[in-house]
Amino acid sequence: MINALVAYVHFLAAFTLVFSIIFEWFTYSRHLTLIEAKRLQTIDIVYGVSAAVVLVFGFLRIQYFEKGSEFYFQNPFYKIKLYTFLVVGILSIYPTVKFFKWGKVTKLGVAPTFKEEEFKIIKWILRAEVAGLLIIILSASFMAKGIGY
């Protein structure tokens with residue numbers, strides 16, 4: 001039973017993470033409204049929390065449940081999945097910092113403004129994060145079926 005519950009929390013957090021980044025990708029635009037900016041700030045917090053839960057419960061599954069750490073640590077698709085997750089996490093720092101800095105103006109009831117270059121960088125990062133999540137999901141599918149072990 002505990003195995004199923006740990007897996008459930010891991011998957012729930014993973015789906016929340018995917019939803020969050022796709023929401024950010026589709027919501028982020030050149031001319032954000034105040035409401036959209038506040039939603040991005042909120043969903044970015046959800047994104048960060050869900051990423052942390054995915055990591056914690058993923059490692060719990062590896063160490064105490066499922067197939068054991070040897071299976072995962074020797075599987076190249078697990079390594080691809082983990083390293084891609086880390087890259088996506090590192091990429092997410094820049095948008096998170098920018099969204100956090102918007103707090104000063106959004107608290108005043110004003111939509112944030114940004115330079116065209118900053119907009120393009122964040123938009124590129126959001127696309128890269130979505131691509132990374134697709135790689136993670138594919139790697140997880142291969143790994144779960146024992147491919148590469």
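Buried means under 20% relative accessible area, exposed means over 50%, and partly exposed is in between (1.4 Å probe, protein chains only). This is a predicted model, where local features need pLDDT of at least 70, side-chain atom pairs count only at pLDDT 80 or more, and totals for chains, interfaces and linings use all residues. Residues are numbered from 1 along each chain as its sequence is written, and side-chain values use heavy atoms, with hydrogens and water left out.

**Exercise 1. Classify Ile2 as buried or exposed, and find the patch that Ile2 helps to make.**

Step 1: place the residue. Ile2 sits in helix α1; helices (H or I, at least four residues) and strands (E, at least two) are DSSP runs, numbered from the N terminus.

Step 2: check the cut-off. Ile2 has 53% relative accessibility, so Ile2 counts as exposed.

Step 3: look at the partners. Met1, Ile2 and Leu5 make a nonpolar surface patch of about 380 Å². Patches are made of residues with over 30% relative accessible area and no salt bridge: like charges are joined within 9 Å, nonpolar side chains (Val, Leu, Ile, Met, Phe, Trp, Tyr) within 5 Å. The areas come from the Shrake-Rupley method with a 1.4 Å probe, and for residues only the protein chains shown count as cover.

**Exercise 2. Describe the whole protein chain.**

Step 1: count the elements. You'll find seven helices and zero strands, in the order α-α-α-α-α-α-α.

Step 2: get the dimensions. Along the principal axes, the C-alpha atoms fill a box of roughly 50 × 30 × 20 Å.

Step 3: look at burial and contacts. Of the 149 residues, 38% count as buried. Contact means heavy atoms within 4.5 Å, and among contacts with a separation of 6 or more, 82% come from residues 24 or more positions apart.

**Exercise 3. Find the salt bridges and say which parts of the chain they link.**

Step 1: set the rule. A salt bridge is a side-chain nitrogen of Lys or Arg within 4 Å of a carboxyl oxygen of Asp or Glu. That rule gives two salt bridges.

Step 2: take the pair Glu116 and Arg30, whose side chains meet at 2.7 Å, N to O. Glu116 lies in helix α7 (residues 116-144) and Arg30 in the loop between α1 (2-27) and α2 (34-64), so this pair ties together parts that are 86 residues apart in sequence. Glu116 is partly exposed at 38% relative accessibility, and Arg30 is partly exposed at 28%.

Step 3: take the pair Glu118 and Lys98, at 3.8 Å, N to O. Here helix α7, with Glu118, is linked to helix α5 (residues 93-101), with Lys98, and the two residues are 20 apart. Both Glu118 and Lys98 are buried.

**Exercise 4. Work out which side chain of opposite charge is nearest to Glu24.**

Step 1: find Glu24 in helix α1.

Step 2: sort the charges. Lys and Arg count as positive, Asp and Glu as negative; His and the chain ends are not counted.

Step 3: read off the partner. The nearest one is Lys123, 10 Å away, and Glu24 is buried yet has no salt bridge.

Step 4: list the surroundings. Leaving aside neighbours within four places in sequence, Glu24 is in contact with residues including Leu40, Tyr47 and Phe99.

**Exercise 5. Decide whether Ile125 is buried or exposed, and name what Ile125 touches.**

Step 1: find Ile125 in helix α7.

Step 2: at 6% relative accessibility, Ile125 counts as buried.

Step 3: beyond its neighbours within four places in sequence, Ile125 is in contact with Leu91, Tyr94 and Pro95.
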